[in-house]
Structure formats: C-alpha cells, structure tokens
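Let's take a friendly walk through this structure, from its nonpolar interior to its cysteines.

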Amino acid sequence: MCGIIARVGDGDALAELMTGLRNLEYRGYDSAGVAVRCEDGIDVCKREGETDVLDAALVERHLPGSVGIGHTRWSTHGPPSDANAHPHTDDDGRVAVVHNGIIRNYESLRRELREDGHRFTSETDTEVVPHLVARELDAGADAETAFRAATDRLEGSYALAMVVADEDAVYATRHGSPLVLGLGDDANYLASDVPAFLEFTDRVVYLEDDDVVVLDDAGYRITTTAGDPVDREAETVDWAAGDAQKGVYSHFMRKEIDEQPTSLRQTIEGRTDSTGTVLDAFPPGSLASIENVVFVACGTSYHAAMYGSTLLRRRGVPATAMRANEFAHDPMPMSDRTLVIAVTQSGETADTLASLRVANESPASTLAVTNVVGSTAAREADDAMFIRAGPEVGVAATKTFSSQVAALALLADRFEEDGAGIEFGREPRSKQATARASTTDGGVDAGTIRSLPDDVETVVNDGRAARLAKQYADADSYFFIGRGVGYPVALEGALKFKEITYEHAEGFAAGELKHGPLALVTPSTVIVAVFTGQDDDRTLHNVREAQSRGAPIIGVGPESATEIRDAVDEYLPIPDTDPELAGMLANVHLQLLAYHAAEIRDRAIDKPRNLAKSVTVE
Ligand code: F6R
C-alpha cells in the first residue's frame with residue numbers, strides 16, 4: 001500500500017532508488033517517482049503507471065546526486081496521474097516528500113495553508129506535508145525542526161521521508177505505517193519493507209512509531225519526537241537477496257508456488273521431534289489456561305485463520321475466526337483466558353493491527369502469527385510466532401498461506417497437549433480423534449507434518465491444473481466448495497481465482513450450496529470440489545446436486561479416493577495424508593489452477609488491478 005525508499009551515501013542514488021522501487025512495487029503500482037538532491041536544489045521525476053514508465057522517462061533525464069527518495073503508489077486520495085504521483089513538493093520546490101499512509105486531517109490543513117497563500121497541484125493528502133515544512137522554513141526553522149513541527153500537525157497514519165534543497169540529508173518518521181532502516185557499507189537506506197534494499201544490505205534497524213530518523217554524511221540518528229536520542233538495535237535479516245527476485249520465472253506467483261516445499265521445511269524445522277510439537281515460545285503447559293481463541297485476519301490470512309480455528313475446535317478449544325475489519329469495530333467478548341491470534345503475512349495490515357490493538361486493550365492475551373520479523377504485529381502482540389516462509393512478492397499470497405496453516409497446525413497440537421479449552425469440548429474432541437483415526441493412520445502427528453513438504457512437492461510437480469485451466473476457460477462462473485478444513489480452502493481457491501483472473505469465482509461451504517447458490521448453477525458453472533478424506537460422502541452428495549444441473553465438476557482430493565474420482569469429470573489428486581492437512585495440499589492445486597487460468601487470459605498476475613500487497617489503510 002504505497003512503498004517508500006530513501007538513500008544517503010557514496011555515489012549516485014538513482015539506480016539504487018529505482019531498484020528499491022522495483023522491489024517495493026508489490027505495495028502499489030499506480031504511479032512511481034523519485035526526488036534526488038542535486039547541485040542546485042531537488043530534481044523530481046514522477047509518472048503515472050508502473051516503475052517501467054518512470055524508468056523510460058529517466059533514460060532521457062538522469063538525476064545526479066547521492067541523496068534521494070522514491071515512491072510507488074496505491075491510490076487512496078486522487079486517481080492515478082502524474083500530478084498525484086509522489087514525491088510532492090512545496091511551491092518553490094525546496095522540500096520533497098514521499099508518504100505511505102493516510103493523513104486524516106489533510107482537508108483542514110489544506111484550507112489553512114491555502115489561506116496562507118500556498119498553492120496545491122495534486123488531489124493527495126500528502127501534499128500538505130511539504131507545504132507545512134516550507135512554512136516552518138520560511139519562519140526561520142532549520143530542516144529538522146521544520147520536519148518535526150510539520151509532522152506534529154498530522155493526524156492519521158504515515159511513514160514519511162523528506163529531502164530539502166540545501167542539505168545532503170533525509171528526514172523521516174513513522175506513525176502507524178512501516179519504516180525500516182537499512183545499514184550498508186557505503187550507504188544507508190529507509191524503506192517500507194526490507195526487500196527494498198536487500199540487494200545492498202541485510203543489516204536492519206526496525207523503527208518504532210514516532211521515531212524521527214536523520215540520514216546524512218555522518219550516518220544515522222534516531223530520536224523521539226521531543227528530540228531525545230533513541231538506541232535501537234541493529235539486526236541481520238536471514239532473507240537472501242535472491243529470495244525476493246524472480247530469477248528464471250516469469251512471475252513471482254509461480255516462483256512462490258514452487259517454493260512451497262522449501263518454505264514449509266523452514267516453517268516446520270526444529271518445531272517437531274519424535275515426541276511431538278516443540279515450540280520454544282510455547283513450552284508445554286503455557287497454553288493450558290486458555291479457554292477460547294479468537295483469530296483476527298484479512299483475505300488469505302483469514303482463510304488460514306479459519307483453517308486454524310477448525311483445527312482448534314476439533315481439539316476441544318472454542319475457537320472462531322473473525323474478519324479483522326469487523327472485529328476491530330464489533331469485537332468478541334474477551335476474558336483473561338482468551339487468546340486473540342492475529343494472522344498476518346506482512347504484520348502491517350491496518351485492519352488486523354486495529355483488531356490487535358482492540359484485543360491489547362482487553363484482558364485477553366495476544367499472539368501474532370506472521371512472516372515478518374520486526375513487523376508492527378510482531379512487536380505489538382504479547383507473543384509472536386514466525387511462519388518463516390521467506391519474502392513473498394506476488395500480490396496473491398501463496399506460500400505464506402501454506403506456512404500459516406502449518407504453523408497453526410503445530411500450535412493446535414500444543415493446545416491439545418496442554419489440554420486447553422473447556423470441559424464441554426473434551427468429549428466431542430475425543431470423538432473427533434476417533435473419527436480422524438478411522439480415516440487415516442491415526443491423526444496428525446509430527447511425522448505427518450514433516451512429510452508435508454514432500455507431499456506439496458508432488459502437487460507442485462503435477463501439470464494437470466494447466467490443462468484444466470484451458471479446458472474450462474469459457475465458463476461463466478467458478479464455484480469452489482468444501483467442508484471442514486476444505487471450506488476455508490474453497491474460499492481461498494475462489495479468492496485466488498477471482499483476484500488474478502478477474503473471472504467470477506465464489507467459495508461456499510459444500511452443504512450451503514443447496515440453500516441458495518444452487519440457483520446460479522448452470523452447465524456454464526464449473527464446480528471445483530475439495531475433498532479431504534473426511535466427510536467426503538457428504539461433499540460428494542452436494543457435488544451430485546450440482547452435477548444434476550449440468551455443471552462440470554473438478555474434484556481435488558486424496559489419490560486413493562476412487563469413488564470420488566469416478567464420480568467427477570476431472571480429478572486433481574493429492575497424496576494420501578491426514579485429512580486435517582489434506583486441505584492445504586488441495587489448495588496448492590487451486591493456486592496452480594488460478595495461475596494458469598490467469599496466464600491464459602494474459603493478466604498482470606503479480607500485480608492484479610486495483611490491488612496491492614500489505615494493505616496499510618483501513
Ligand atoms: C490475497 C492476499 C490478501 C492478503 C490480505 C492480508 O492473495 O494476499 O488477501 O492475504 O490483504 O494480508 P496480510 O496477511 O499481510 O495481513
């Protein structure tokens with residue numbers, strides 16, 4: 001949701017700023033721009049469109065200088081255009097600013113500045129910032145004081161970076177939007193996210209809200225808004241630069257689908273042994289007092305949260321998943337025996353953070369399940385569990401969904417071992433355990449979880465989804481259905497499909513089809529049915545209801561399920577495993593189906609229209 005980058009150091013800034021913007025493009029691609037401190041002031045170049053368009057403009061116009069800022073935009077205030085692209089400047093071009101977030105009081109600030117004679121050239125909320133700074137400079141303040149005074153007037157969320165015409169320095173701060181400092185040998189960087197500068201350095205300082213940072217020839221300085229020095233520890237990130245690059249792949253999404261065996265190994269590594277689950281952050285007994293769990297999350301992470309809540313309920317723990325944008329305003333009643341789990345890949349999703357903050361104000365304890373060490377969610381929750389999937393760049397989440405589910409499966413086993421939950425849940429839980437045991441070799445155990453990466457590899461290497469994407473390319477609609485853990489997978493399959501193909505796709509609980517949606521089913525509706533090895537006979541019944549209305553059926557389910565295979569038109573097999581993990585394997589087929597369907601339609605797979613990864617506005 002907008003990416004910002006800043007760079008101060010030896011040599012020219014432009015090439016590194018452009019690399020940073022390309023690496024941040026997943027956060028928004030409506031426009032891009034840079035501002036570089038040059039000999040006689042500030043040079044700005046900005047264009048509507050992706051970074052390629054800016055690149056083309058820069059061929060004719062090199063901006064020399066070692067200090068600069070850059071921005072890639074996801075529009076909130078004002079449509080995509082050259083004028084609304086960042087950086088924004090004041091009337092005289094003495095101050096240039098890039099911004100990620102939303103300045104809520106921009107209209108009143110604009111009125112006030114207009115009355116003072118300032119002229120605005122864009123429709124953005126951001127443009128008030130350079131004007132506020134310029135007004136302070138006119139009143140005699142130095143750049144740092146002017147920056148502090150300007151940001152003091154802002155309400156809302158922001159990560160801001162600023163250059164001024166007469167100094168080789170960058171001034172920056174954050175308040176509710178992410179900003180991380182990168183410490184290189186020859187240059188220092190500020191960016192919305194680590195991958196922006198990962199090619200230049202892996203040493204980072206995660207900034208806290210209201211830190212004010214100055215980068216200049218002397219290095220970097222962090223202070224509070226009041227100007228008191230702040231000491232923040234530098235850390236080395238364990239992501240390699242290549243992890244955030246496309247390499248031989250034509251799309252990040254395909255690369256990230258293929259990476260799942262590796263990312264899952266990373267998620268699981270060291271967290272299981274022959275005795276079961278080993279979670280350092282949650283030693284045996286640490287979850288024993290938890291009576292109920294509420295998951296809060298958005299989008300794909302919400303589907304992983306639904307999956308996790310199903311696993312917990314089956315273990316006798318009352319658990320529910322709520323959409324974070326709902327929970328933040330209508331929270332679930334919580335006690336000191338409630339655990340609120342925020343599931344968020346980025347750790348920066350504004351809706352999820354809002355929910356986390358509501359939970360932090362309540363007696364409940366909180367846990368962030370996230371991919372990003374140092375993210376806001378990880379820092380604000382009482383505890384954090386990292387899914388260790390590595391950087392995900394494609395806007396459509398893929399490998400992080402699998403790693404979230406695997407992490408939650410491990411956590412669910414710890415809940416079970418700790419006997420968390422309520423007495424009422426115990427009996428059904430043992431019945432569930434019996435049901436699981438009767439359908440598999442004995443339920444999810446550490447060994448089954450450890451075999452997940454190999455099983456995922458089998459699915460990733462299966463080419464059948466490509467053929468089916470082509471065969472059913474002319475359908476009017478695509479309905480995804482499933483039950484149990486197959487239900488969140490159906491929702492996720494539909495989300496992925498609509499998100500990158502722009503086709504009509506919906507996910508339903510299999511048993512719900514007959515309560516209304518069946519009215520929409522025609523021979524042009526493809527039904528994709530998820531089977532897990534549990535309650536499949538019921539799902540097959542629902543499939544037959546759709547089949548008798550002429551709908552073609554693609555089944556996704558266990559390799560050995562011959563009855564299902566015979567009943568459906570097409571079958572995407574997954575290796576036989578515990579039904580609780582089968583959903584995640586089935587999801588990999590659905591990722592591939594969506595990917596190939598989007599490829600046939602020549603869609604912008606990594607950057608679907610109107611979307612951005614890391615949605616940092618509510
Ligand atoms: C869909 C997708 C989004 C995100 C959602 C939450 O493919 O990626 O739906 O899952 O915006 O993002 P995080 O997990 O970063 O909180």
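What follows looks at the cores and then at the cysteines.

This is a predicted model, in which local features need pLDDT of at least 70 and side-chain atom pairs count only at pLDDT 80 or more, while totals for chains, interfaces and linings use all residues. Residues are numbered from 1 along each chain as its sequence is written, and side-chain values use heavy atoms, leaving out hydrogens and water.

A good place to start is the largest nonpolar core (a set of buried Ala, Val, Leu, Ile, Met, Phe, Trp, Tyr and Cys residues joined through side-chain atoms within 4.5 Å; buried means under 20% relative accessible area with a 1.4 Å probe, protein chains only). It holds 82 residues, and those touching the most other members are Val293, Phe295, Ile341, Val369, Leu411, Phe415 and Phe480. Helix α20 (residues 579-600) supplies the largest share, 13 residues; helices here are DSSP runs of H or I, at least four residues, numbered from the N terminus. At least three residues come from each of domain 2 (252-455) and domain 3 (462-600), with bounds from an automatic or database domain assignment. Apart from this core lies another, of 34 residues, including Leu54 and Val180.

Now zoom in on Phe480. Setting aside residues up to four places away in sequence, its contacts (heavy atoms within 4.5 Å) include Phe497, Phe508, Leu590 and Leu593.

And the cysteines? The model has 0 disulfides, counted as pairs of cysteine sulfur atoms within 2.5 Å. For Cys45, the nearest cysteine sulfur is that of Cys38, 13 Å away; Cys45 is buried, at 1% relative accessible area. Cys298 is also without a partner because the closest cysteine sulfur, in Cys2, is 18 Å away, too far for a bond.

How values were computed: Buried means under 20% relative accessible area, exposed over 50%, partly exposed in between (1.4 Å probe, protein chains only). Helices (H or I, at least four residues) and strands (E, at least two) are DSSP runs, numbered from the N terminus.
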